[in-house]
Amino acid sequence: MAGYEQKPGDIVAFKEAEKRNDRAPDWKGSMLVPEGAKPGDKLEVALWAKGDKGTMLAGSVKFPMQRNAGPANDAPAHRGPDFDSPF
């Protein structure tokens with residue numbers, strides 16, 4: 001993914017080709033925290049297999065959808081943005 005620049009809310013993880021022991025992670029990467037997030041916020045994560053033979057996971061981290069606590073006949077609650085592959 002030459003030239004790719006992570007944006008806030010993006011995740012990228014690469015499959016570990018040479019695990020040194022059974023306790024080592026299978027995937028490892030980084031995430032840029034979404035703007036407006038603070039410690040303790042619960043975020044949703046979505047990942048897609050990318051790269052040659054699925055050797056990379058790419059995805060996004062977003063605030064959870066807002067749900068309406070009112071009766072079922074009320075207008076639908078505002079729904080946050082759908083997970084769309086950033087790639």
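## Overall make-up

The protein chain has 0 helices and 4 strands. The model is a predicted one. Read from the N terminus, the elements follow one another as β-β-β-β.

The chain holds 87 residues, and 16% of them count as buried. Its exposed surface comes to about 7000 Å². Carbon and sulfur atoms supply 51% of that surface.

## The sheet

How are the 4 strands ordered in the sheet? The order is E2-E1-E4-E3, and the sheet is open. The pairing is antiparallel. Strand E2 covers residues 27-31 and strand E3 covers residues 44-50. Both stand at the edges of the sheet. Each has a single partner strand, so one side of each lacks a neighbour in the sheet. From one strand to the next, the twist averages 20°.

## Strands E1 and E2

Take the E2 edge. Strand E1 spans residues 10-15. E1 pairs with E2 in the antiparallel sense, over 5 bridges. One residue pair shows where to look: alanine 13 has glycine 29, in E2, as its bridge partner.

## Strands E3 and E4

Now take the other edge. Strand E4 runs through residues 56-62. How many bridges join E3 and E4? There are 7, and the pairing is again in the antiparallel sense. Here alanine 49 has leucine 57, in E4, as its bridge partner.

E3 and E4 form a hairpin, with 5 residues between the strands. Glycine 51 belongs to this hairpin. Its phi is positive, near 80°.

## A closer look at methionine 56

Methionine 56 sits in strand E4. Is this residue buried or exposed? Its relative accessible area is 4%. The cut-off for buried is under 20%, so methionine 56 counts as buried.

Now compare sequence and space. Methionine 56 and tryptophan 27 are 29 residues apart in sequence. In space, their C-alpha atoms are 8.2 Å apart.

## Contacts across the chain

What share of the contacts joins residues 24 or more positions apart? Among contacts with a separation of 6 or more, the share is 45%.

How values were computed
Residues numbered from 1 in each chain as written. Predicted model: local features only at pLDDT ≥ 70, side-chain atom pairs only at ≥ 80, totals over all residues. Heavy atoms only, no water. Pairing = 2+ DSSP bridges. Helix = DSSP H or I, 4+ residues; strand = E, 2+ residues; numbered from the N terminus. Axes fitted to C-alpha atoms, helices over the stretch in contact; angles between N-to-C directions. Buried < 20%, exposed > 50% of the residue type's maximum accessible area, 1.4 Å probe, protein only. Contact = heavy atoms within 4.5 Å. Areas by Shrake-Rupley, 256 points an atom, 1.4 Å probe, with all protein chains shown as cover.
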